[in-house]
Amino acid sequence: RAWFLFTLLMFVTSQSIINGATSLGPNNDHTRTVTFAFRCFIYLCSMGQWILHHVKHTVHDVRNGALVRVGRISIPEYLAQWQGWTSLILTVFLIIMFFTEP
């Protein structure tokens with residue numbers, strides 16, 4: 001929980017810097033450097049951790065045959081709980097942000 005709160009605080013802080021830095025001008029080198037550092041932390045530490053988490057649990061469930069049928073498809077058992085699928089949605093959003101942010 002502490003790690004999640006820390007990464008959330010980092011994300012909110014980085015967004016505040018981006019929004020507050022418009023008064024300094026978008027091409028300010030200091031603002032760009034700080035924004036880059038925060039984004040590197042978020043994408044490498046937070047998104048990387050979530051990707052590893054989902055790969056590990058998916059491989060574990062598939063190897064053990066722990067699959068749950070949802071309609072016509074089988075999904076790993078850990079995604080049947082709300083924590084599993086919400087963290088997967090968070091991971092997908094982080095990946096989308098990674099590819100769409102400048």
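1. Starting with the cysteines: Cys45 is partly exposed in this predicted model, with a relative accessibility of 30%. Cys40 falls in the partly exposed class too, at 27% relative accessible area. If you were hoping for a bridge, the disulfide count is zero. Cys45 takes part in no disulfide, its nearest cysteine sulfur being that of Cys40 at 9.5 Å. From the other side, Cys40 is likewise in no disulfide, and the sulfur of Cys45 is the nearest cysteine sulfur, 9.5 Å off. The cut-off for a disulfide is 2.5 Å between sulfur atoms, so a pair would have to come within that to be counted.

2. Now the overall layout. The protein has three helices and two strands, and along the sequence they run α-α-β-β-α. Two of the helices come up again and again below: H2, which covers residues 29-64, and H3, which covers residues 82-100.

3. A few whole-chain numbers for your notebook. The protein has 102 residues, and 25% of them count as buried. Its accessible surface is about 7500 Å², with 69% of that belonging to carbon and sulfur atoms. As for contacts, take those between residues at least 6 apart in sequence: 57% of them join residues at least 24 apart.

4. Which residues make up the largest nonpolar core? There are seven: Met10, Phe38, Phe41, Ile42, Tyr43, Met47 and Leu94. Helix H2 supplies the largest share of this core, with five residues. As background, nonpolar side chains in soluble globular proteins tend to be buried together.

5. Phe41 deserves a click while you have the core on screen. Setting aside residues up to four places away in sequence, Phe41 touches Trp3, Phe6, Thr7, Met10 and Ser46. One of these partners, Met10, is listed in the core alongside Phe41.

6. On to the aromatics, where the count is three pairs. One of them is Tyr43 with Phe98, an edge-to-face arrangement with 5.2 Å from centre to centre and 75° between the planes. This pair links distant parts of the chain, since Tyr43 sits in helix H2 and Phe98 in helix H3, 55 residues apart. Is each ring buried or exposed? Tyr43 is buried at 10% relative accessibility, whereas Phe98 is partly exposed at 41%.

7. Phe98 has a second partner to look at. Phe98 and Phe99 also form an edge-to-face pair, at 5.2 Å centre to centre with 80° between the planes. Phe99 is exposed, its relative accessible area being 65%. Put together, Tyr43, Phe98 and Phe99 make up one aromatic cluster. The cluster therefore takes in a buried residue, Tyr43, a partly exposed one, Phe98, and an exposed one, Phe99.

8. Next, the threonine I would inspect in helix H3, Thr91. Thr91 counts as buried, at 4% relative accessibility, because the limit for buried is under 20%. What does its side chain pair with? There is a polar contact of 3.4 Å between the side chains of Thr91 and His54. A polar atom of the Thr91 side chain also lies 2.8 Å from the backbone oxygen of Ser87. Ignoring neighbours within four places in sequence, Thr91 contacts Trp50, Ile51 and His54.

9. Ser87 belongs to helix H3 as well, and at 7% relative accessibility Ser87 is buried. A polar atom of the Ser87 side chain lies 3.1 Å from the backbone oxygen of Gln83. With neighbours within four places left out, Ser87 is in contact with Trp50, His53 and His54. Note that Trp50 and His54 turn up in the contacts of Thr91 and again in those of Ser87.

10. Last, Thr100, another residue of helix H3. Here the side chain has a polar atom 2.9 Å from the backbone oxygen of Ile96. Is Thr100 buried or exposed? Thr100 is exposed, with a relative accessible area of 59%, in contrast to Thr91, which is buried at 4%.

Notes. Residues numbered from 1 in each chain as written. Predicted model: local features only at pLDDT ≥ 70, side-chain atom pairs only at ≥ 80, totals over all residues. Heavy atoms only, no water. Core = buried A, V, L, I, M, F, W, Y, C linked by side-chain atoms within 4.5 Å. Buried < 20%, exposed > 50% of the residue type's maximum accessible area, 1.4 Å probe, protein only. Helix = DSSP H or I, 4+ residues; strand = E, 2+ residues; numbered from the N terminus. Contact = heavy atoms within 4.5 Å. Phe/Tyr/Trp six-rings, centres within 6.5 Å; stacked < 30°, edge-to-face > 60°. Polar contact = N/O pair within 3.5 Å; in protein donor to acceptor, adjacent residues only side chain to side chain. Areas by Shrake-Rupley, 256 points an atom, 1.4 Å probe, with all protein chains shown as cover.
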